[in-house]
Amino acid sequence: MSNATRIAVVGLGNMGQAHCRDLASIDGADLCAVVDVDASRRDAIATKTRSRGFESLNEAIERGDLNAVVVATPHPSHRELTEQAFAAGLHVLVEKPVAIDIKDGLAINDAYGRARSKRPDLRFAIMFQQRTYGYWRAIRELVSSGELGAIIRATWIITDWFRTQVYYDSGDWRAKWRTEGGGVTMNQAPHNLDLYQWIVGRPQRLTAVGAFGKYHRIEVEDEISIVLEHESGAIGHIISSTGESPGTNRLEIATERGKLVFENGAIAFDRTDESILEFLRTSPSKFTHVPSEAQQVPFDHHGELGHRFVLENFVQAIDDPSTPLIAEGIEGVASLEIANAAIYSAWTRSGVDLPLNPEEYRTFLTSL
């Protein structure tokens, strides 16, 4: 594999080990190093994957002859590790969320910009594997095509993130301000926040109500409801929780030409015969509805391979710089900003304008 991309995986928890398994069978990838502070764990995985084990990324950079790094550690360490990799001229794929707060997220983007000024072919990706899911891609394509007209409202209920107390007790880093920077908003829902802004667009203001330790013995939020205001006038809602069972995963997007609903793995669309905005202005009737037709939106889906698709895409993009990444790493700050702003709004019980001030939020987070 002399021409393969030589990759190190940093952080050998659940996701890091899964990435090691995938990389071992991806064409063009050479998993040559694994990095973890736990000696027994890294030695076991190094033996299993026939790679070399290192205690630190710096050590791996010095001795590993690397081309790229996959960062799968808890997100408070993402800034330090990605900056080390970029300073060494290495390609980076980072797990979600990109950082603990927007200040670190922007610093990572700056480090990438500096590194890319010296090496224009450098790639930076983020593990937003749900962007590969067929139903989200179909919804985004339908919305971005303009076929549906203006978005009026987007409501996403994502309460199928049920977690027990044992889950939170399983790691001393879980559900703490210092080590996670939040609860459901920062751990379970980052994919949903990314998909929301990827499909609907970035909001200009939000207001949130959250419950901190409502269902579990934790200090961070295990329930949150967010109202998002867009420059277009569209209103969004995101409702998420780790304390409901059975939970719901339902996305509604009301548009000028009807209503699109995703639930239970299917996309339904009630397409109106004409623009509802034009109809409500011109109809002579007081009590009526715009005629519509129920449709199913087809899509191909291979969701179980999402992580692998992102890794394959990362390797391909390194080999061929013209290959577009599934999710550019610099885009990670968009959903992180929504998460930070929602936590700040819920804690202070106030509306928050975007962009969020990085220094103010860091001061707030540090105080917690």
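How many nonpolar, polar and charged residues are in the lining of the second largest pocket? The lining has four nonpolar, six polar and two charged residues. Please keep in mind that this is a predicted model. With that said, let's walk through its pockets, then one helix and one strand residue.

**The two pockets**

The table sets the two pockets side by side.

| Pocket | Volume | Lining by class |
|---|---|---|
| Largest | about 1100 Å³ | 14 nonpolar, 15 polar and eight charged residues |
| Second largest | about 190 Å³ | four nonpolar, six polar and two charged residues |

To begin with the largest pocket, its volume is about 1100 Å³. A total of 37 residues line this pocket, and those closest to its centre are Met15, Ala72, Thr73, Pro74 and Trp173. Two elements, α1 (14–23) and α4 (78–87), give two or more residues each to this lining.

The second largest pocket holds about 190 Å³ of space. Three elements supply at least two lining residues each: β12 (258–263), β13 (266–272) and α10 (276–282). Among these, α10 gives the most, with three residues. If you would like to select the lining in your viewer, the residues are Gly258, Lys259, Asp270, Thr272, Ile276, Phe279, Leu280, Ser283, Thr288, His289, Val290 and Ser292.

**Helix α4**

Helix α4 helps to line the largest pocket, and it also has a buried side to look at. Its buried residues are His78, Leu81, Thr82, Gln84, Ala85 and Phe86. What do these buried residues of α4 pack against? Their partners include the strands β1 (5–10), β4 (68–71), β5 (91–94) and β6 (124–126), along with the helices α3 (57–63) and α5 (102–118). Just after α4 comes glycine 89, which takes a positive phi of about 75°.

**Valine 35**

Now for a single residue in a strand. Valine 35 sits in β2, which covers residues 29–35. Is valine 35 buried or exposed? With a relative accessible area of 3%, valine 35 is under the 20% cut-off and therefore counts as buried.

Leaving aside residues up to four places away in sequence, valine 35 touches Val9, Val10, Gly11 and Leu12, as well as Phe54, Glu55, Ser56, Leu57 and Ala60. One of these contacts, Leu57, can also be described by backbone position: the C-alpha atoms of valine 35 and leucine 57 are separated by 6.4 Å, although the two residues are 22 residues apart along the chain.

Methods: Residues numbered from 1 in each chain as written. Predicted model: local features only at pLDDT ≥ 70, side-chain atom pairs only at ≥ 80, totals over all residues. Heavy atoms only, no water. Helix = DSSP H or I, 4+ residues; strand = E, 2+ residues; numbered from the N terminus. Buried < 20%, exposed > 50% of the residue type's maximum accessible area, 1.4 Å probe, protein only. Contact = heavy atoms within 4.5 Å. 1 Å grid on protein atoms, 1.4 Å probe; cavity = no way out; pocket = protein on both sides within 12 Å on 5 of 7 lines; lining within 4 Å. Points joined across faces, edges and corners; volume = space filled by probe spheres on them. Nonpolar A, V, L, I, M, F, W, Y, C, P; charged D, E, K, R; others polar.
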